[in-house]
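Me: I've just opened this one and have never looked at it before. Can you walk me through it?

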Amino acid sequence: MSAVDVRAASATAPTTNSPRVGGQRQRWVRRAPLLPALIFTIAVTQLPFVATLVISFLNWNSLYPDERRFTGFDNYVAVASDRVLRGSVVTTVLLTVLVVIISLLIGLGLALLLDRSFPGRGVVRTLMIAPFLVVPVAAALLWKHALYNPEYGLFNGLLATVANWFGVSAPQPDWISNFPLPAVVASLVWQWTPFMMLILLAGLQSRPLDALEAARVDGAGAWQIFRYVTLPYLRRYLELGALLGSIYIVQNFDAVFTITSGGLGTANLPYTIYTTFYQAHDYGRASAAGVVVVIGSIIIATFALRVVLSLFREETTR
């Protein structure tokens, strides 16, 4: 190689002082502090899911350890064909739909009330948010013992008090035994209504005031403004609340386990997975059902992220 070729090669080769190498080094310097957190997140979230995915392809029952083997998609076929699992899927869908719709309707009403100015609005808003901050197991225990108990619960106490006013005897129903699914739905609605209220209240407070003033100038009443201005504007926020609520309620385990122990037709898919894993000791089938729940949650989360991104785009274009 001639001296001219050596000089040309050295001129074209990137050096450590070139802007491109320096930019890459700066990017890695900024990313380096995040690497431990990234590694930790992968270790505690993705590795267990990969292990669950691998187990879902195995015939693995701890009661028969010598029969463990690879079975392909047999566990998924069993999940789809099992009558108990299909029933738990129907219960999960019904529970999720009821809780989301009722929470959205009540949350919308509360958000409309809290959007008005009145003395003590901050205190009322804080009290309204409190149920969402209660630990789920504690909330379920509160409803089971303080409200539903047939002997000393608040509901039967109120019935007895009202009946005494009229001089009649009041029925003392066992709420959980007589109304098992509504009992679970009511506890979840109480806990998730504040979440829906917060989302919808944020949407109400971000409405364009010029559209409201124009509607009032045109002679629109309160109902017309709500129907033709407020409700269409809140559509994205309603979708966001429904999607986020569905993600969490589909995976709900605490209320079903605590209030009814999965009995009386209230066993949803997470509770059925729990019984399959810890009582039947069928790790393969339970893992397959868990993967199905994760996939369903990812699908719902994808739609939720799209709604969030569309809201951000609308805010940035104003």
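**Salt bridges first**

Reply: Sure. Keep in mind that this is a predicted model. Let's begin with Arg-236, which forms a salt bridge with Glu-239, their closest N and O atoms being 3.8 Å apart.

Me: Where do Arg-236 and Glu-239 sit relative to each other in helix α13?

Reply: They are three residues apart in α13, so about one helical turn separates them. Arg-236 is partly exposed, at 25% relative accessible area, and Glu-239 is partly exposed too, at 27%.

Me: How many salt bridges does the structure hold?

Reply: Five. One of them joins the side chains of Arg-207 and Asp-115, at 2.7 Å from N to O. That pair links distant parts of the chain, 92 residues apart. Arg-207 is in the loop between α10 and α11, and Asp-115 is in the loop between α5 and α6.

Me: Is Arg-207 buried or exposed?

Reply: Buried, at 17% relative accessibility. Its partner Asp-115 counts as partly exposed, at 22%.

Me: And which residues do shared partners join into one network?

Reply: Look at Asp-282 and Arg-285, whose side chains meet in a salt bridge at 3.8 Å, N to O. Salt bridges with shared partners join Asp-82, Asp-282 and Arg-285 into one network. Asp-282 is buried, with a relative accessible area of 15%, while Arg-285 is partly exposed at 28%.

Me: OK, new topic. What's in the largest nonpolar core?

Reply: It has 46 residues, and those with the most contacts inside it are Leu-95, Val-99, Val-184 and Leu-188. The elements giving two or more residues to this core include α5, α7, α10 and α16. The largest share comes from α10, with 14 residues.

Me: What does Val-184 touch?

Reply: Not counting residues up to four places away in sequence, Val-184 touches Leu-95, Ala-255, Val-256, Ile-259 and Thr-260. Another core lies apart from that one, with 11 residues, among them Tyr-76, Val-79, Leu-85 and Ile-273.

Me: Ile-273 is in α15, right? Why is α15 said to be largely enclosed?

Reply: Ile-273 is one of the buried residues of α15. Seven of the 10 residues in that helix are buried, so the rest of the structure largely encloses it. Leu-269, Pro-270 and Tyr-271 are also among the buried ones.

Me: What about nonpolar stuff on the surface?

Reply: There's a nonpolar patch with about 720 Å² of accessible area together, and its residues include Val-89, Val-93, Leu-98 and Ile-106. Val-93 is found in helix α5 and counts as partly exposed at 47% relative accessibility.

Me: Any odd backbone angles in the loops?

Reply: Two to look at, both in the loop between α14 and α15: Ser-261 and Leu-264. Ser-261 has a positive phi of about 55° without being a glycine, and Leu-264 has a positive phi near 60°. Most residues other than glycine have a negative phi. Ser-261 is partly exposed at 41%, whereas Leu-264 is exposed at 56%.

Me: Last one: what does the side chain of Asn-149 reach?

Reply: The backbone nitrogen of Glu-151, at 2.9 Å. A polar atom of the Asn-149 side chain also lies 3.2 Å from the backbone nitrogen of Tyr-152. Asn-149 is in the loop between α7 and α8 and is buried, at 14% relative accessible area. Leaving aside neighbours within four places in sequence, Asn-149 is in contact with Lys-144 and Asn-156.

Technical notes. Residues are numbered from 1 along each chain as its sequence is written. This is a predicted model: local features need pLDDT of at least 70, side-chain atom pairs count only at pLDDT 80 or more; totals for chains, interfaces and linings use all residues. Side-chain values use heavy atoms; hydrogens and water are left out. Helices (H or I, at least four residues) and strands (E, at least two) are DSSP runs, numbered from the N terminus. Buried means under 20% relative accessible area, exposed over 50%, partly exposed in between (1.4 Å probe, protein chains only). A polar contact is a pair of N or O atoms within 3.5 Å; within protein, one must be able to donate a hydrogen and the other to accept it, and residues adjacent in sequence count only if both atoms are side-chain atoms. Contact means heavy atoms within 4.5 Å. A nonpolar core is a set of buried Ala, Val, Leu, Ile, Met, Phe, Trp, Tyr and Cys residues joined through side-chain atoms within 4.5 Å. Patches are made of residues with over 30% relative accessible area and no salt bridge: like charges are joined within 9 Å, nonpolar side chains (Val, Leu, Ile, Met, Phe, Trp, Tyr) within 5 Å. Accessible areas come from the Shrake-Rupley method with a 1.4 Å probe; for residues, only the protein chains shown count as cover. A salt bridge is a side-chain nitrogen of Lys or Arg within 4 Å of a carboxyl oxygen of Asp or Glu.
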